[in-house]
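This briefing sets out the architecture of one protein chain and then turns to selected local details. Please read it alongside the sequence and the model shown below.

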Amino acid sequence: MTALITRDELVQEIEAGSVIVLDALGGEYYAKAHLPGALALVEAEVESRAPHLLPDRDAAIVTYCSNAACPNSQNVATKLERLGYTNVRKYRDGIQDWTEAGLLVES
């Protein structure tokens with residue numbers, strides 16, 4: 001199972017520019033709102049897009065989706081790990097937790 005990251009830890013890493021954040025919802029959900037600087041990467045596109053989008057397999061990566069019940073972030077993380085990415089974590093509580101905490105999103 002993928003390691004987890006807390007909201008507070010993720011805020012610090014985004015502010016420091018030390019993490020690549022991946023929105024596993026994609027499409028209209030990504031267009032409507034996503035975490036600051038997040039890139040869209042859905043499960044069906046991991047194999048085709050990850051090598052170009054994420055050339056450094058040791059980079060710090062965090063996946064997220066809507067909330068703890070949403071499986072997308074784990075599915076994307078699992079595929080990345082199978083492709084050899086070594087530092088993948090999951091923000092389990094997702095954008096719902098982020099916005100409920102009053103943090104800004106991009107659209």
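A polar contact is a pair of N or O atoms within 3.5 Å, where, within protein, one atom must be able to donate a hydrogen and the other to accept it. By that criterion the side chains of Thr2 and Glu81 make a polar contact, at 3.2 Å. The model under discussion is a predicted one. Its protein chain contains five helices and five strands, and these follow one another along the sequence in the pattern β-α-β-α-β-α-β-α-β-α.

**Overall form**
- The radius of gyration of the protein chain is 12 Å, close to the 13 Å that the globule rule gives for 107 residues, so the chain is as compact as a globular protein of that length.
- The C-alpha trace spans about 35 × 30 × 25 Å along its principal axes.
- Of the 107 residues in the protein chain, 38% are buried.
- The protein chain has an accessible surface of about 5700 Å², and carbon and sulfur atoms account for 50% of that area.
- When contacts between residues at least 6 apart in sequence are considered, 72% of them join residues at least 24 apart.

**The sheet**
- Five strands form an open sheet with parallel pairing, in the order β1-β5-β4-β2-β3.
- The edges are occupied by β1 (3–4) and β3 (39–40), each of which has a single partner strand, so one side of each is left without a neighbour in the sheet.
- Strand β2 (residues 20–23) pairs with strand β4 (residues 61–64) in the parallel sense, over four bridges.
- Within this pairing, Ile20 is placed opposite Ile61 in β4, and Leu22 is placed opposite Thr63 in β4.
- Strands β2 and β3 also run parallel and are joined by two bridges; here Leu22 stands opposite Leu39 in β3.

**Helices and their packing**
- In helix α1 (residues 7–16), the buried residues are Leu10, Val11 and Glu13.
- The cover over these buried residues of α1 includes the strands β2, β4 and β5, together with α5 (94–100).
- Gly17, just after α1, adopts a positive phi of about 70 degrees.
- Helix α4 (residues 72–82) lies across β2, β4 and β5 (88–91), and the helix runs at about 150 degrees to β4.

**The surroundings of Thr2**
- Thr2 belongs to the segment that precedes β1.
- Is Thr2 buried or exposed? Its relative accessibility is 5%, so Thr2 counts as buried, the cut-off for a buried residue being under 20%.
- In addition to the polar contact with Glu81, the side chain of Thr2 is joined to that of Gln74 by a polar contact of 2.8 Å.
- Which residues does Thr2 contact, leaving aside its neighbours within four places in sequence? They are Gln74, Ala77, Thr78, Glu81, Val88, Arg89 and Lys90.

Note on methods
Residues are numbered from 1 along each chain as its sequence is written. This is a predicted model: local features need pLDDT of at least 70, side-chain atom pairs count only at pLDDT 80 or more; totals for chains, interfaces and linings use all residues. Side-chain values use heavy atoms; hydrogens and water are left out. Two strands pair if DSSP finds at least two bridges between them. Contact means heavy atoms within 4.5 Å. Axes are lines fitted to C-alpha atoms, for helices over the stretch in contact, and angles run from 0 to 180 degrees between N-to-C directions. Buried means under 20% relative accessible area, exposed over 50%, partly exposed in between (1.4 Å probe, protein chains only). The radius of gyration is taken over C-alpha atoms; the globule rule is 2.2 Å times the number of residues to the power 0.38. Accessible areas come from the Shrake-Rupley method with a 1.4 Å probe; for residues, only the protein chains shown count as cover.
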